[in-house]
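Me: I'd like to walk through this structure with you, one small question after another. Shall we look at it together?

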Amino acid sequence: MTVADVLLTAIGAVVVGSALLVVTTRHIVHAGLWLVVTLTGVAALYLVLTAELVAWVQILLYLGAVVVLLLFAVMLTRAPIGARDDLDRPRWPGVLVGLGTAGSLAALLANAYRWDKIELPAAGTAERIGEHLFRSWVLPFELVGLLLLAALIGAIALSRSGDE
Amino acid sequence: MHPVFPFVVAALLFGVGAYGVLVRRNAVLLLMSAELMLNAVNIVLITADVTIQRTLKPALPATGQIFALFVIVVAAAEIGVGLAIILRLYRLRRAVAVDEIPLADPLPAGAVLADDGLDERS
């Protein structure tokens with residue numbers, strides 16, 4: 001067990017625990033706030049795994065944009081404030097499928113990697129990732145820009161009021 | 001670093017997300033669970049990137065991290081459009097519980113959409 005292993009285990013426990021709270025809490029707003037904890041934990045995992053740029057993009061985009069959008073949606077759909085008991089359907093199919101996917105994926109990946117040990121590479125800083133991004137991945141990068149534009153126009157067209 | 005730790009965390013996170021998608025009734029909570037699953041996939045991509053860098057020496061370095069960046073951007077686009085659809089649904093049906101949406105009941109032609117004060121031009 002190295003320092004990275006201890007950190008990964010601790011942060012992983014926080015991530016999975018808060019994710020469980022996201023899907024089980026009876027307050028809709030609390031689910032959004034626990035999602036903040038989960039996403040921050042995932043960003044911390046990226047930092048430990050040397051993916052520096054991805055971690056900051058995660059904080060910027062997920063915490064800065066996605067969570068705010070979700071909380072806006074909670075407010076705009078007049079979600080009930082306070083605990084509600086009717087947020088869940090019958091649980092057992094979900095428990096079955098969730099445990100099945102988690103268990104089989106974990107078994108598959110654990111079997112593939114056993115107890116291998118690797119050295120962490122140099123940090124994926126903005127400079128290093130940006131160099132690859134603008135050298136080998138320029139076309140997908142531009143296509144993603146186009147996709148964002150299309151999503152923007154689609155969202156505006158969908159949320160326009162009235163059908164004139 | 002043992003890559004098995006982040007991989008198992010990702011698998012558990014994906015299972016939790018799948019549970020949420022199947023069990024939650026509110027459409028906004030459904031989107032949150034979908035985000036959990038996307039994050040699990042990103043953890044796998046980043047860990048595989050770090051692991052494969054060291055063992056296989058791929059032709060393009062840092063591919064996993066760049067894929068993760070693309071996934072994050074596409075997830076942001078998905079959330080934008082998804083929330084627009086949910087708001088539209090709320091205006092039509094006054095509810096966002098996914099199991100209360102009838103699959104086939106067309107609104108009568110010329111039906112007036114519910115005015116909930118959200119519309120600027122009413």
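**Salt bridges and the chain contact**

Me: How many salt bridges are counted between chain B and chain A?
Reply: Happy to help! This is a predicted model, where local features need pLDDT of at least 70, side-chain atom pairs count only at pLDDT 80 or more, and totals for chains, interfaces and linings use all residues. Residues are numbered from 1 along each chain as its sequence is written, chains are lettered from A and ligands numbered from 1 in the order in which they are written, and side-chain values use heavy atoms, leaving out hydrogens and water. A salt bridge is a side-chain nitrogen of Lys or Arg within 4 Å of a carboxyl oxygen of Asp or Glu, and between chain B and chain A the count is one salt bridge.

Me: Which residue forms a salt bridge with A:Asp88, with the closest N and O atoms 2.7 Å apart?
Reply: The pair crosses between chains, starting from A:Asp88 in the loop between helix H3 (52-76) and helix H4 (92-113) of chain A. Helices here are DSSP runs (H or I, at least four residues), numbered from the N terminus. On the other side, in the loop between helix H1 (4-23) and helix H2 (27-55) of chain B, sits B:Arg24.

Me: Are A:Asp88 and B:Arg24 buried or exposed?
Reply: Buried means under 20% relative accessible area, exposed over 50%, and partly exposed in between (1.4 Å probe, protein chains only). A:Asp88 has a relative accessible area of 15%, so this residue falls in the lowest class. Both A:Asp88 and B:Arg24 are buried.

Me: Which side chain of chain A meets A:Asp88 in a salt bridge of 2.9 Å, N to O?
Reply: Look for a partly exposed residue, with a relative accessible area of 46%. The partner that meets A:Asp88 is A:Arg91.

Me: Where do A:Arg135 and A:Glu131 lie?
Reply: Their side chains meet in a salt bridge (3.7 Å, N to O). At 64% relative accessibility A:Arg135 is exposed, while A:Glu131, at 42%, is partly exposed. The two are four residues apart, about one turn of the helix, and both lie in helix H5 (residues 126-136) of chain A.

Me: How many residues does the contact take from chain A?
Reply: Contact means heavy atoms within 4.5 Å. Chain B gives 76 residues. From chain A, the contact takes 88 residues.
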